[in-house]
Amino acid sequence: MTTIKVGVFGASGRVGKLLIEDLKNTQGMGLSSVYVRNSLDFAIDPSVLVTSDMHSFIGASDIIIDFSLPEACEALLEEAIKTPKPLVIGTTGLNTHQLNLLKQASELMPVLYATNMSLGVALLNKLVHQASAALEGFDIEIVEMHHRHKKDAPSGTALTLAESAANGRNLDLDKVRVSGRDGNIGERTKDEIAVMALRGGDIVGRHTVGFYNDGEFIELNHTATSRNTFSKGALRAGKWLSDKEPGLYSISDCLEL
Ligand SMILES: NC(=O)c1ccc[n+]([C@@H]2O[C@H](COP(=O)([O-])OP(=O)(O)OC[C@H]3O[C@@H](n4cnc5c(N)ncnc54)[C@H](O)[C@@H]3O)[C@@H](O)[C@H]2O)c1
Ligand SMILES: O=C(O)C1=N[C@H](C(=O)O)CCC1
């Protein structure tokens, strides 16, 4: 079996470090390059290319996995457009320009973009779509909780869940999303979908999508108890993506959900 050479972008981050560890025990895949801005603060196999030259970083690998920051992901996409390689993108908080760049890249190479690499959240998105369509008149409120170091809010996962809920009712999320309530704002409107973010401690990731009506409510809840859920999910996605045609793929495509 040939070994898929993996490049890790965001290597010294919380998820990046786990990707490097998990790759040591992943059959059919091996770490070949890491991109660093300065230097790595941990030891790495000397056969791995450690570089701050984006072109060499991409060139040394068969696929690239990115868990970084939006500006960094943007720079990666710009370089990948010049040197196409399958890309697994896990970075959240991308703006409209960065999302457009991602779509542009996917015309030249296979790109899997997932705001959450877990199987549980992939299924939760399906359930939320179904519940949103079936539970007419129920108010939809989403709450997410993450660790104190998280920079973007609301989480990418919460926004994707809100998109699933809005799609279930043929609503435009940009028109109905509420991400803060403060002061004398009046009563809740019928269609609004609230997405609220809490931050604290070392919470890996918790999402609750609630459907509330008079006399009853349903809450669908997902909790990630280990960050390895994301790194292992990204490696599974990378293996799946490595022989695909150019296109924009989702985690549901990879998991055949
Ligand atoms: N899709 C998922 O399943 C999933 C899961 C967890 C985290 N995330 C997302 O992944 C991203 C990273 O999360 P994290 O907790 O590992 O963050 P982190 O802050 O620990 O790591 C970020 C990494 O990006 C690197 N970086 C920052 N700016 C850079 C630049 N300009 N150029 C190159 N590299 C740069 C940092 O050096 C670091 O290695 C976040 O957007 C987070 O929301 C997604
Ligand atoms: O720790 C993070 O940061 C996470 N980010 C993703 C998001 O924004 O949804 C996935 C969960 C963990």
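**Exercise 1. Find which way the side chains of strand E4 point, and whether they are buried or exposed.**

Solution. Start with the residues of strand E4, 63–66. Ile 63 and Ile 65 point one way. Ile 64 and Asp 66 point the other way. Now check burial: all are buried. Buried means under 20% relative accessible area. This is a predicted model. The protein averages a pLDDT of 97, and 100% of the residues score at least 70. The model scores ipTM 0.99 and pTM 0.98.

**Exercise 2. Find the strands that pair with E4, and the partners of Asp 66.**

Solution. Take strand E1, residues 4–9. E1 runs parallel to E4, and 4 bridges join the two. Within this pairing, Phe 9 has Asp 66 as its bridge partner. Next take strand E5, residues 87–89. E5 also pairs with E4 in the parallel sense, over 3 bridges. Here Asp 66 stands opposite Ile 89. Last, trace the connection. E4, helix H3 (residues 70–82) and E5 form a β-α-β unit, and the unit is right-handed.

**Exercise 3. Describe the surroundings of ligand 2 and its contacts with His 147, Lys 150 and Thr 157.**

Solution. First list some neighbours. The residues around ligand 2 include Thr 92, Asn 116, His 146, Asp 152, Gly 156 and Phe 230. His 147, Lys 150 and Thr 157 are also among them. Then read the distances from an oxygen atom of ligand 2 to a side-chain N or O atom. For His 147 the distance is 2.7 Å. For Lys 150 it is 2.7 Å. For Thr 157 it is 2.4 Å. Finally, look at the cover. On its own, ligand 2 has 320 Å² of accessible area, and the protein covers 85% of that.

**Exercise 4. Locate the cis peptide bond and the positive phi values at Asn 170 and Glu 256.**

Solution. Recall the usual case: most peptide bonds are trans, and most residues other than glycine have a negative phi. Begin with the bond from Ala 153 to Pro 154. That bond is cis, with omega near -10°. Pro 154 is in the loop between strand E7 (139–146) and helix H6 (156–168).

Move on to Asn 170. Its phi is positive, about 55°, although it is not a glycine. Asn 170 lies in the loop between H6 and helix H7 (173–176). Its relative accessible area is 73%, so Asn 170 is exposed.

End with Glu 256. Its phi is near 55°, again a positive value in a residue other than glycine. Glu 256 lies in the segment after helix H9 (251–255). Its relative accessibility is 69%, so Glu 256 counts as exposed.

Methods
Residues numbered from 1 in each chain as written. Chains lettered and ligands numbered in written order. Predicted model: local features only at pLDDT ≥ 70, side-chain atom pairs only at ≥ 80, totals over all residues. Heavy atoms only, no water. pLDDT = per-residue confidence, 0-100. Buried < 20%, exposed > 50% of the residue type's maximum accessible area, 1.4 Å probe, protein only. Pairing = 2+ DSSP bridges. Right-handed = clockwise from strand over helix to strand, strands pointing away. Near = heavy atom within 4 Å. Polar contact = N/O pair within 3.5 Å; in protein donor to acceptor, adjacent residues only side chain to side chain. Areas by Shrake-Rupley, 256 points an atom, 1.4 Å probe, with all protein chains shown as cover.
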